[in-house]
Amino acid sequence: MKDEIPVVDFSTGPDNGAESRIVSTGARIPPIGLGTFGSDHVPHQKVAEAVKYAASIGYRHFDCASVYGNENWIGQVFKELFQSGLRRGDVWITSKLWNDKHGENDVIPSCEKSLKDLQLDYLDLYLVHWPFPNHHPPGCDVSARNPHAVPYIHESYMRTWAKMEELVDRGLVRHIGTSNMTIPKMKLLLRDARIKPVANEMELHPHFQQPEFFRFLMDNGIQPIGYSPLGSPGRPERDRTPNDTSPTEDPAIRAIAQRLGVHTAVVCIKWAVQRGQIPIPFSTNPTNILGNLQGIFEKPLTPQDMETIAKLDRNCRLIKGQVFLWKDNQSWEDLWDMNGSITPA
């Protein structure tokens with residue numbers, strides 16, 4: 001099996017954007033990853049099988065998280081892959097600190113558990129999953145609220161971040177980063193952090209492009225990693241609202257896909273990679289997993305295509321995060337600092 005694991009060249013140049021991204025430390029991240037969030041309906045074993053297949057065709061970037069509940073399954077796959085000849089140094093593996101582990105005594109043990117479950121000696125990237133310590137029961141509906149939920153408290157976040165920095169000091173993780181942040185929160189973190197985040201994971205797709213935040217991150221040397229790059233068709237019911245739109249059904253995306261002879265999902269992936277973010281689409285369908293990878297190397301989008309898609313932004317956030325709100329009569333917008341300042345308690 002050793003000879004069956006392919007080597008994929010992620011240094012093809014700027015014509016299609018498929019070269020590895022170089023973060024502020026000089027490390028290289030493959031320009032596309034496989035997400036592993038199976039929502040509430042994909043069995044853990046099936047996600048693990050998807051990871052195994054993705055690695056067999058050339059994926060070298062896997063986005064994991066403790067809250068997904070499947071890291072022990074994925075870890076067995078990693079063990080088999082590395083025993084079969086895949087080099088650990090050729091793979092970028094991310095995990096995330098869940099909201100109930102923000103306490104100073106919880107950060108390091110939580111990371112150590114992810115490492116044990118994933119059967120790894122270190123993580124390439126460890127993210128604070130959400131900037132709030134608020135969490136919810138698995139499979140809950142949109143009305144669920146944690147009675148102990150609190151707003152964003154920067155001093156508390158920095159205590160968590162100090163432990164994230166300690167993970168780097170200890171060699172348990174190579175890099176640390178953030179997820180689901182906003183510009184006001186990120187400004188404070190950059191001001192106060194000893195070790196700066198190398199990446200921020202965020203919702204990014206043609207109908208939700210976050211241009212201001214995207215540019216802020218790029219200007220500050222922080223790599224955007226985009227989840228839900230296809231508009232998250234498999235997202236939990238609690239995240240669905242009547243005004244949601246689907247980029248893969250957009251007529252302009254369809255027209256580009258028809259011209260190129262590809263699925264609309266591939267157009268969304270091409271756009272993400274050529275724009276400069278790292279998409280991490282989730283799929284357990286081998287055809288789709290292969291098509292997403294092939295798509296970033298074949299028939300790049302034209303400058304006109306990129307301009308067309310740039311005009312499709314509808315500011316349509318699909319993963320709204322209502323379950324993380326901290327008091328009654330709030331709207332999901334309060335989580336995202338819509339007016340340019342951190343929402344007060």
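How many of the 12 residues of α8 are buried? I will come back to that in a moment, once the sheet has been described, and I should say at the outset that what we are looking at is a predicted model.

Let me start with the sheet, which is open and is formed by eight strands in the order β3-β4-β5-β6-β7-β8-β9-β10, with parallel pairing. At its edges stand β3, residues 34–35, and β10, residues 278–279, and each of these has a single partner strand, so one side of each is left without a neighbour in the sheet. For β10 that partnership involves β9, residues 223–227, the two pairing in the parallel sense over two bridges, and Gly 226 stands opposite Pro 279 in β10. Helix α3, residues 107–118, packs on the sheet, where it touches β5 (92–97) and β6 (125–128), and its direction makes about 140° with that of β5.

Now to α8, residues 264–275, where the 12 residues should span 16 Å at 1.5 Å a residue, and the end C-alpha atoms are 17 Å apart, which agrees. As for the opening question, 11 of the 12 residues are buried, so α8 is largely enclosed by the rest of the structure. Among the buried residues are Val 266, Ile 269 and Trp 271, and the list also takes in Lys 270 and Arg 275. The cover over the buried residues of α8 includes β1 (21–22), α6 (211–219), α7 (251–260), α9 (286–295) and α10 (303–310), together with β10, the strand that we met at an edge of the sheet. Just after α8, finally, Gly 276 takes a positive phi of about 120°.

Notes. Residues numbered from 1 in each chain as written. Predicted model: local features only at pLDDT ≥ 70, side-chain atom pairs only at ≥ 80, totals over all residues. Heavy atoms only, no water. Pairing = 2+ DSSP bridges. Helix = DSSP H or I, 4+ residues; strand = E, 2+ residues; numbered from the N terminus. Contact = heavy atoms within 4.5 Å. Axes fitted to C-alpha atoms, helices over the stretch in contact; angles between N-to-C directions. Expected span 1.5 Å × (residues − 1). Buried < 20%, exposed > 50% of the residue type's maximum accessible area, 1.4 Å probe, protein only.
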